[in-house]
Each structure stands twice: as C-alpha cells, then as structure tokens.
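Student: I'm new to this structure and would love a close look at one part of it. Could you walk me through the place where the ligand sits?

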Amino acid sequence: MENEPLLMLPGPVPIPMTVRAAMTRQAINHRGNEFGRIYAECTRMLRPLFGTKNEIFVLSGSGTAAMEAAVANFGEGRAIASLVNGKFGERLYRIAKRYGNAREIGSEWGEPLDIAGLERSLEEGTEVVTLVHNETSAGIRNPAEEVGRLTSKYGALLIMDGITSIGGDLVEADRWHVDVAFVGSQKCLAAPAGLSAISVSPRAWKMLCEDRPYYLDLDAYRKSASKNPMETPYTPAVPLFLALHEALIVIEKEGLTQRIERHRRLARAVRAATEAWGLALYPKIDGLHEYSNTVTAIEIPERVKDKDLRGMVKKLGIEIAGGQDRLKERIFRIGHMGAVGAPEMLSTLSAVEFSLRRAGFGVKGNGVQAACEMLV
Ligand SMILES: *Cc1c(COP(=O)(O)O)cnc(C)c1O
C-alpha cells in the first residue's frame, strides 16, 4: 500500500522499486569505469526502443532539453517546417523559430497533420522538418512513417519527438528515415524525471551546424561518448543515470514486443470504457493518424466541470490529467504509460466512472466491464 497517489498521467508515471532504489547509493565518479559501463549499457538498451542503430546520447535535462538540442544542432539558420497539431508540436515550432527560419504547418489540436502542406513546403526548399510522433496534449499518434517517406524523398532532415512513444509504442526510427529522435525519462520509460536521450543519424551528422549551443553541443557529447570509459562532456545527473539504467533493465526483461502490446491493450481498454460511458474520444483520426496507445484524451461532457471530475478521482487516490492551454476544461487525459497494468487501469476507470456520475453525467453503460473485456 503506497501513500502516494497513483499517477495515471502522461508523465510522470509510477516508478518501479528497483529503479527508485538505484538512486540511493553512494556517489560514483562520472569519469570512472563504472559510470562509463552504465552509460554504454543505457545506450545499448535504448537503441531497440528507438528502432535505430545510430549513436544515442543521454542528456541531463528533461525532454525539452532534447527538443532544443535537436533543433539547435541541426536547424540553426535553416529553413524549418514544423508540423503542429498540439502543444508539443507547437513547442518544437517555437524552438525552431529561435534558431532557424521556421514555418508552421498547423492543424487544429488533435486533428490530422497537413501532409499536403508538408509536401508543398518540401518542394519549396524546406531543409528540416519537426514532428511529434505521439502528440501527448491531444492523444493522437501522428504518421511518422509517412512523414519520413516525404522528408527522405526531398532530402530533408527529420527531427522526431518520440517522447511519449519510445518505450511504449512501436518506433522504427531507421526504417522511417528519422534522423534525430528523442525520449524523456519520466514517460514510457518509467524512470524519474530529468533525463532525455537523443539519437543522431549519419546523415544528420553531415548537416551538423557550425554555430552550436555550448551546453547542448551534440558534437561535444559525441566526442565524450567515444572515449573509454564512455563519458558525458559535463557532470551528468548521476543518480538519474543509475535509475535509467535500472528502468531499461526492467524494460529489457519484459521484452519490447510484450511491452508495446501491453500499452496497446491498456489503450483499447480505456477506449472501450469511453465508448460504453457514451463519451467521445477527442482526436480526429483518419486511418493514417491513430489514437495514441500511451495516453487517451476524452472530451468532457457538457455540464460536467473538469475540476469536479478530476477532483473526485483525486479523492480516490488517483491523478489523471486535464487539457492544456486551449484544451483546458474541454478534455481530460488518462495516461497509460510505463509500468502500469490491469489493476491500475481498472481502479482508474472505476474512479472515473463514479466521478462522472457524481459530476452529473448519466453514464450510458458499464465502462469498467467493457474495459475488462479488453484486458482478459
Ligand atoms: C512531456 C513531453 C515533452 C517534454 O516535456 P518535459 O516537461 O521537458 O519533460 C515533449 N514532448 C512531448 C510529446 C511530451 O509528452
């Protein structure tokens, strides 16, 4: 029995005990053999999750640090097109504007990306494209493979935010022609917050910008990583590395295929409950775009207040997420990423069902029952 609330958020997520325990040990030298081995093992275990053979570096900063590193090292001064259909796509666009000549290819949040608009911009000479694979703010999974087909056809570099897909859903960075991809520690990896990892393709290295940031200079990361023992350029967040290492061992033990299938099963369970209640999923999907398998965004029905709904769920010891920015009070989101399974999901859905009723919504059918059907 844990005293902390159960976090069914799209990050942070519950952290397995072995992962937490790894952070309590005595300090180790980050220029020593043990750290070098741990860093090397982390990159080895991360590669299959990214679906890449490329070099991977671990940065001491949350996912946003990796977003900035990607754009600053490969987009500085270049023509960048940012695909946007949610908050994180917009964040990448904002970063792109700081460093390059950026244009937004926007859609309404949660609606399909403008693929035709992307192709036009590539014809007009876009050199770098930014994409969010799993748009956490709207619960939509964007068609990375399709975008990669276009960027590679036109010889543009593809930067992909895989922060809430890598380690939870299928990512095949190499096969999809993704040049730079990154993940954050507190999402599907079920590690503590504060680290990110980034992969860089040989093609991206050829396009490395001259004018790079200092702390997030990926060429410095590359030089340090090639040393023996493997290093980072500056002092890393060592306790978080130790935890990440354990988290990746947990993932390796489960097996990537099984892990992805578990996430997909949980996603099917939430979607079945939503339908049974008579609620609507928020994203608009079209066969190319899909519902996210790691976070589900559900429309808040009329007359129900977000505060009442999530407040009651929280009274029952479970935290779910609201909408961000323009989606505030319009949707709620259930995260199902990391180390959670049927018990966590069923208690969450029971709490939501109860709270929907309490908040004045007449649920149509038994959502928990519908979810169970998907989990057996
Ligand atoms: C969480 C998240 C980020 C990064 O956010 P941090 O607060 O820096 O961890 C970026 N992109 C997506 C899609 C995310 O879900």
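Student: How do the residues of the shell around the ligand divide into nonpolar, polar and charged?

Tutor: Happy to take you there, and please keep in mind that this is a predicted model. The shell divides into four nonpolar, seven polar and three charged residues. That makes 14 residues surrounding the ligand, and the closest are Ser62, Thr64, Thr136, Asp161 and Lys187.

Let's start with Lys187, since you have just met that name. An N or O atom in the side chain of lysine 187 is 2.8 Å from an oxygen atom of the ligand. Glutamine 186 also takes part through its side chain: one of its polar atoms there lies 2.9 Å from a ligand oxygen. With glycine 63, the contact comes from the backbone instead, where an N or O atom lies 3.4 Å from an oxygen atom of the ligand.

How much of the ligand does the protein cover? On its own, the ligand has 380 Å² of accessible area, and the protein covers 87% of that.

Now step back to the elements that build this shell. Those that give two or more residues to it are α3, spanning 63-74, and α4, spanning 87-99. Of the elements, α3 gives the most, with three residues. If you trace α3 in the model, begin at residue 63, the glycine whose backbone contact with the ligand we just visited.

Notes:
Residues numbered from 1 in each chain as written. Predicted model: local features only at pLDDT ≥ 70, side-chain atom pairs only at ≥ 80, totals over all residues. Heavy atoms only, no water. Near = heavy atom within 4 Å. Polar contact = N/O pair within 3.5 Å; in protein donor to acceptor, adjacent residues only side chain to side chain. Areas by Shrake-Rupley, 256 points an atom, 1.4 Å probe, with all protein chains shown as cover. Helix = DSSP H or I, 4+ residues; strand = E, 2+ residues; numbered from the N terminus. Nonpolar A, V, L, I, M, F, W, Y, C, P; charged D, E, K, R; others polar.
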